[in-house]
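Colleague: Could you sit down with me and show me how to read a structure like this one? I would like to go through it feature by feature.

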Amino acid sequence: MKPEHKKPCIALLGEFSAGKSTLANLLLGRTQSRVRVTATQVPPLWYQHGNGEPVRIRNDDTKEPLGPDADIAVAVEDTKVVHVPLDAPILERIDLLDMPGSSDPNMAPDVWDSLLPSVDIAIWCTPATQAWRQSEAAIWDNMPDAVQNRSMMLLTRFDKVRMQDQTRVLKRVRTEVAGQFRHVLPAALLAKDAAGRSPALKTIIAALDDLIENAVPKVVAPVEASRAQIPKCPPRPLHEAVTPRRVTALSAGTKSKRRSGPSALF
């Protein structure tokens with residue numbers, strides 16, 4: 001269910017524990033979301049600008065306000081999405097959709113299908129220490145070209161890869177996903193420079209600039225970073241019909257339409 005808005009929606013996608021929520025907190029300028037979930041059961045969290053109460057949307061589209069508490073427990077059962085209002089500068093210009101892990105068995109397929117048509121830009125997170133597994137390739141292969149053309153891949157936890165292996169890992173992944181992402185970038189999401197700023201955030205903002213300027217209709221302005229490094233995205237909607245297909249991991253002997261499956265990292 002898409003909330004009423006005129007802002008582009010950036011979706012954070014990937015498998016469980018790939019760094020999506022860490023990225024969301026980095027973009028939002030927060031250390032922790034208001035919504036608390038268990039480690040293995042995470043409903044979609046749709047962050048929007050505001051100060052009201054989070055609202056749970058059930059699978060039958062009925063709404064349940066979750067109260068004003070700063071820490072709100074939400075179970076994934078019978079939850080389509082949770083709308084989370086936050087007074088974060090980035091949300092003045094965009095909406096941010098933090099999706100559950102694509103292989104999460106607790107998420108009903110129709111939840112995935114109902115939300116992805118609202119996505120304008122996709123950021124796929126994959127941990128660099130085991131990047132681009134077969135299950136990820138299977139799902140991304142079935143994403144429409146419209147999504148792939150305005151997407152980036154982040155190799156999260158890149159600082160956990162040995163220095164002598166980083167170039168090889170990045171080259172391997174870029175080769176395997178050639179033509180499927182506009183940007184493939186290494187990212188150490190928790191790293192800070194001497195001034196306490198995030199180099200990864202600066203790089204991600206620059207890639208978002210390019211996606212908005214070149215991979216979608218040029219009726220909008222590029223992202224601009226404020227002194228606090230908060231990206232400002234355009235107010236115009238970028239929506240385009242998207243009809244994703246829910247898939248499972250490839251069965252034995254089945255090949256991806258673009259590759260036979262990623263090789264082992266080490």
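Colleague: Among contacts in the chain between residues at least 6 apart in sequence, what share joins residues at least 24 apart?

Modeller: The figure is 75%. Bear in mind that this is a predicted model. The chain has 266 residues, and 52% of them count as buried. About 12,400 Å² of the chain is exposed, with carbon and sulfur atoms supplying 51% of that area.

Colleague: How many helices and strands does the chain have?

Modeller: There are six helices and 13 strands. Nine of the strands form an open sheet with mixed pairing, and the order across it is β5-β4-β7-β3-β8-β1-β9-β10-β11. The edges are β5 (63-65) and β11 (183-186); each has a single partner strand, so one side of each lacks a neighbour in the sheet. From one strand to the next, the twist averages 20 degrees.

Colleague: Let's take β1. Which strands pair with β1, and in what sense?

Modeller: On one hand there is β8 (residues 95-98), which pairs with β1 in the parallel sense over four bridges. Here A11 stands opposite L97. On the other hand there is β9 (residues 121-127), parallel to β1 and joined to it by five bridges. In that pairing, L13 stands opposite W124.

Colleague: And where do the side chains of β1 point?

Modeller: C9, A11 and L13 point one way, while I10, L12 and G14 point the other way. Both sets are buried. With six of the six residues of β1 (residues 9-14) buried, the strand is largely enclosed by the rest of the structure.

Colleague: What comes after β9 in the sheet order?

Modeller: That is β10. Six bridges connect β9 with β10 (residues 151-156), and the two run parallel. One of the bridge pairs is I123 with M152 in β10. Helix α3 (residues 134-141) packs on the sheet there, touching β1, β9 and β10, and its direction makes about 170 degrees with that of β9.

Colleague: Which strands does helix α1 lie across?

Modeller: Helix α1 (residues 20-28) lies across β1, β3 (45-49), β7 (79-86), β8, β9 and β10. Relative to β8, α1 runs at about 160 degrees.

Colleague: Back to α3, then. How many of the residues of α3 are buried?

Modeller: A general point helps first: an α-helix has 3.6 residues a turn, so residues three or four places apart point the same way. In α3, seven of the eight residues are buried, so the helix is largely enclosed by the rest of the structure. The buried ones are S135, E136, A137, A138, I139, W140 and D141.

Colleague: Now for aromatic rings. How should I read a pair?

Modeller: You describe a pair of rings by the distance of the centres and the angle of the planes. This structure holds four aromatic pairs. Take W132 and F181: their ring centres are 5.8 Å apart and their planes are at 80 degrees, so this pair is edge-to-face, the cut-off being over 60 degrees. The two residues are 49 apart in the chain, with W132 in the loop between β9 and α3 and F181 in the loop between α5 (163-176) and β11.

Colleague: Are those two residues buried or exposed?

Modeller: Both are buried: W132 has 0% relative accessibility, and F181 has a relative accessible area of 9%. The cut-off for buried is under 20%. F181 also pairs with W140, and that pair is stacked, at 4.4 Å centre to centre with 10 degrees between the planes. W140 belongs to helix α3 and F181 to the loop between α5 and β11, 41 residues apart. W140, at 0% relative accessibility, is buried too.

Colleague: Which residues do the ring pairs link into a cluster?

Modeller: The cluster consists of W124, W132, W140 and F181.

Colleague: One last feature. How many disulfides does a search of the whole structure find?

Modeller: Generally speaking, a disulfide is a covalent bond between the sulfur atoms of two cysteines. The search of this structure finds zero. As for individual cysteines, C9 is buried at 0% relative accessibility, and C125 is buried with a relative accessible area of 0%.

Methods. Residues numbered from 1 in each chain as written. Predicted model: local features only at pLDDT ≥ 70, side-chain atom pairs only at ≥ 80, totals over all residues. Heavy atoms only, no water. Buried < 20%, exposed > 50% of the residue type's maximum accessible area, 1.4 Å probe, protein only. Pairing = 2+ DSSP bridges. Contact = heavy atoms within 4.5 Å. Areas by Shrake-Rupley, 256 points an atom, 1.4 Å probe, with all protein chains shown as cover. Axes fitted to C-alpha atoms, helices over the stretch in contact; angles between N-to-C directions. Phe/Tyr/Trp six-rings, centres within 6.5 Å; stacked < 30°, edge-to-face > 60°. Disulfide = S-S within 2.5 Å.
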